[in-house]
Amino acid sequence: MILAQALLLGYLLGTIPFGLFFAWISGAGDVRKIGSGNIGATNVLRTGKKWAAAATLLCDGAKGAAAVLLARMLLPPGAEIFAAAAVVLGHMFP
């Protein structure tokens, strides 16, 4: 049960599409229709909105840190490893 909770926590955090959100907020529109079609920081940078690309990069990194810290606080020791793996999978395969 603990393993499932760690995996779910990490996966759900990993699926947050910060690139899509920040590109939309910056007025660049749907970043999936620009450049490579990826919602990552590099493609957000192609929109010309440097602050949005920087925010995407920071928030994407913060997802991993948040998953580990939350798992460490809320779940038994060792769960943070599974949360970290799940956040990467959630980021790559939302």
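What percentage of the 94 residues in the protein do buried residues make up? Buried residues make up 32% of them, where buried means under 20% relative accessible area, exposed means over 50%, and partly exposed lies in between (1.4 Å probe, protein chains only). Please keep in mind that this is a predicted model, in which local features need pLDDT of at least 70, side-chain atom pairs count only at pLDDT 80 or more, and totals for chains, interfaces and linings use all residues. Residues are numbered from 1 along each chain as its sequence is written, and side-chain values use heavy atoms, with hydrogens and water left out.

**View 1. The whole protein has 5 helices and 0 strands.**
Following the chain from the N terminus, you meet the elements in the order α-α-α-α-α. Helices (H or I, at least four residues) and strands (E, at least two) are DSSP runs, numbered from the N terminus. The C-alpha trace spans about 45 × 20 × 15 Å along its principal axes. Here, contact means heavy atoms within 4.5 Å. Taking the contacts between residues at least 6 apart in sequence, 55% join residues at least 24 apart.

**View 2. Helix α1 packs with helix α5.**
Two packed helices are described by the angle between their axes and the distance between the axes. For α1 (residues 2–14) and α5 (residues 79–92), the angle is about 35° and the axes are 7 Å apart. The axes are lines fitted to C-alpha atoms, for helices over the stretch in contact, and the angles run from 0 to 180 degrees between N-to-C directions. The contact is made by I2, L3, A6, L7, G10, Y11, L13 and G14 of α1, together with A79, F82, A83, A86, V87, L89, G90 and H91 of α5. These residues divide into 12 nonpolar, 4 polar and no charged. In this sorting, Ala, Val, Leu, Ile, Met, Phe, Trp, Tyr, Cys and Pro count as nonpolar, Asp, Glu, Lys and Arg as charged, and the others, Gly among them, as polar. The crossing of α1 and α5 is right-handed: a crossing is left-handed if the near helix is turned anticlockwise from the far one by less than a right angle, and right-handed if clockwise.

**View 3. L13 sits in helix α1.**
L13 counts as buried because its relative accessible area is 19%. Setting aside neighbours within four places in sequence, L13 is in contact with K63, A66, A67, L70 and V87. G37 is 24 residues from L13 along the chain, and their C-alpha atoms are separated by 21 Å. One of the partners of L13 is A66, a residue of helix α4. A66 has 27% relative accessibility, so A66 counts as partly exposed. The C-alpha atoms of A66 and F21 are separated by 18 Å, with their positions 45 residues apart along the chain.

**View 4. D60 and K63 meet in a salt bridge.**
Look for the side chains of D60 and K63, 3.4 Å apart from N to O. A salt bridge is a side-chain nitrogen of Lys or Arg within 4 Å of a carboxyl oxygen of Asp or Glu. Both residues lie in helix α4, 3 residues apart, about one turn of the helix. D60 and K63 are both buried; for D60, the relative accessible area is 19%. Not counting residues up to four places away in sequence, D60 touches I16, F18 and H91.

**View 5. R32 forms a salt bridge with D30.**
The structure holds 2 salt bridges. In the pair shown here, the closest N and O atoms of R32 and D30 are 2.9 Å apart. R32 is partly exposed, with a relative accessible area of 48%. D30 also counts as partly exposed, because its relative accessibility is 25%.

**View 6. R46 and T47 lie in the loop between α3 and α4.**
This loop runs between α3 (41–45) and α4 (50–74). The side chains of R46 and N43 are joined by a polar contact of 3.0 Å. A polar contact is a pair of N or O atoms within 3.5 Å; within protein, one must be able to donate a hydrogen and the other to accept it, and residues adjacent in sequence count only if both atoms are side-chain atoms. Leaving out residues up to four places away in sequence, R46 touches G35 and S36. R46 and S36 are 10 residues apart in sequence, and 9.3 Å apart in space from C-alpha to C-alpha. The side chain of T47 reaches the backbone oxygen of V44 at 2.5 Å. Beyond residues up to four places away in sequence, T47 touches A28, V31 and I34.
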